[in-house]
Amino acid sequence: MSVEVLVNDYRNGYLENIHPGHICGVNATGIIKYKVGDTEHWTFLRSALKPIQAIPAIANHIQEHFKLTNRETSLIAASHRGEELHIDELEKLLDKIGVAEEELLCHPTYPLNSRAKEALLKKNQPKRKLYHNCSGKHLGMLALAKVLGVNTEGYFELEHPVQQEILIALSSISGCSIDQIRMGVDGCGVPVYALPLKFLANTYLRFARPELICDQSIQDAVIKITSMMNEHPEIISGTNAICTSLLMDDNIVAKGGAQGVYCFGLKEEKLGFSLKVMDGSEEQWPLIVASILEQIEYKNQDTIQRLYNLSQKEIYNDNNKLVGNKKAVFKLVEV
């Protein structure tokens, strides 16, 4: 397996850590145009799967059925940080869909956003399933089960109609046949899938260019989902997050997942990218994506600057003293 270093960490000028990984970029025909490392590396999508998991729900008109706003609906594709703006909309989803919080499989937790978590701890508030970053996705699955007229119990099992609809959508949009897709269980308990990295890039190419999708119902759903993601970027992730920063750019559709996987599509350029940091870390994403955009001469400098503002290129210690730096060291190979 060919793995290349994506980012180096330096302390006082000396190499301390390396972050190896893979990058794949495909063009409008699905042909690999850019690469670093192994474009065939099997990669679990983790939360980068969420926009795909939202496709059957949107295609089966849960938004119209439950009279959901775009802001509320965008949560089904989100990895929210449990901030007040997220919880307000999640409470509305619970009420409109008509499910109890206890019906969600995801485990009770505190918000990922540190300020939101600290505020709850100061008030001695308990953990909730709604605070889990996947709760919006689970509500979307329960809503789909209701619209399909199937039992909501076991909605997270692979053989359940909700999960089968998601698997079909993933195969259709990625171009990877169902019998090739590898399966696992995600952190929140629902099925998660692994595909070669090139198929992840192809998936996000089609999110950026939905006219490339042959199935009309999936194409229509993708158009709605991406529109909502760009319309409400802060809902998809949260304050000072990479997804929020990228989705503020209407030319970009982007979503990350646990263990170092990140995907994005560029509409005007007709490109889809996927990357996997092999040590599973996420801190390098802004630096890596900014470097990709610079190397392909992306024109929106504001987007690149937002990423660099998030990248924490300079390393400070607990006393706020500058002690090192991070540097993207990979070069995209144009195929």
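Here are some short exercises with worked solutions on this predicted model.

**Exercise 1: the cores**

Task: Find which residues have the most contacts inside the largest nonpolar core, and which helix gives the most to it.

Solution:
- Start with the core itself, which has 70 residues.
- Now pick out those with the most contacts inside it: I52, I55, L139, Y193, L195 and F207.
- Next, look for the helix that gives the most to this core; that's α9 (residues 197-208), with seven residues.
- Don't stop there, though: apart from this core lies another one, of 32 residues, with L6, L266, I288 and Y298 among them.
- Here's the general idea to keep in mind: in soluble globular proteins, nonpolar side chains tend to be buried together.

**Exercise 2: a closer look at L195**

Task: Work out what L195 touches once you skip residues up to four places away in sequence.

Solution:
- Click on L195 and you'll find H41, W42, T43 and L45 among the residues it touches.
- Carry on and you can add L170, S174, C176, I181 and L200.

**Exercise 3: looking for disulfides**

Task: Determine how many disulfides the structure holds, then check C106 and C243.

Solution:
- Recall that a disulfide is a covalent bond between the sulfur atoms of two cysteines.
- The count for this structure is zero.
- Take C106: the nearest cysteine sulfur belongs to C188 and is 6.7 Å away. The cut-off is 2.5 Å, so a pair at a greater distance doesn't count.
- C106 is buried, with a relative accessible area of 0%.
- Now C243: the nearest cysteine sulfur, in C263, is 9.9 Å away, and C243 is in no disulfide.
- C243 is also buried, at 5% relative accessible area.

**Exercise 4: salt bridges**

Task: Trace the salt bridges of D186, E234 and K299, and say where the partners sit.

Solution:
- The whole structure has 13 salt bridges, so you're looking at a sample here.
- D186 pairs with R46, and their closest N and O atoms are 2.7 Å apart. D186 sits in the loop between β5 and β6, while R46 sits in the loop between β4 and α1, 140 residues apart.
- D186 is buried at 9% relative accessible area, whereas R46 is partly exposed at 22%.
- E234 meets R71 in a salt bridge, again with 2.7 Å from N to O. This pair links helix α11 to helix α4, across 163 residues.
- E234 is partly exposed at 24%, and R71 is partly exposed at 24% as well.
- Follow these two further and you get a network of salt bridges linking R71, E89, K92 and E234.
- K299 and E268 form a salt bridge with 3.0 Å from N to O. K299 is in the loop between α13 and α14 and E268 in the loop between β8 and β9, so the pair ties together parts 31 residues apart in sequence.

**Exercise 5: positive phi**

Task: Say where N124 and E297 lie, and whether they are buried or exposed.

Solution:
- N124 isn't a glycine, yet its phi is positive, near 55°. You'll find N124 in the loop between α6 and α7.
- With a relative accessible area of 70%, N124 is exposed.
- E297 isn't a glycine either, and its phi is about 60°. E297 lies in the loop between α13 and α14.
- E297 is exposed, with a relative accessible area of 70%.

Conventions: Residues numbered from 1 in each chain as written. Predicted model: local features only at pLDDT ≥ 70, side-chain atom pairs only at ≥ 80, totals over all residues. Heavy atoms only, no water. Core = buried A, V, L, I, M, F, W, Y, C linked by side-chain atoms within 4.5 Å. Buried < 20%, exposed > 50% of the residue type's maximum accessible area, 1.4 Å probe, protein only. Helix = DSSP H or I, 4+ residues; strand = E, 2+ residues; numbered from the N terminus. Contact = heavy atoms within 4.5 Å. Salt bridge = Lys/Arg side-chain N within 4 Å of Asp/Glu carboxyl O.
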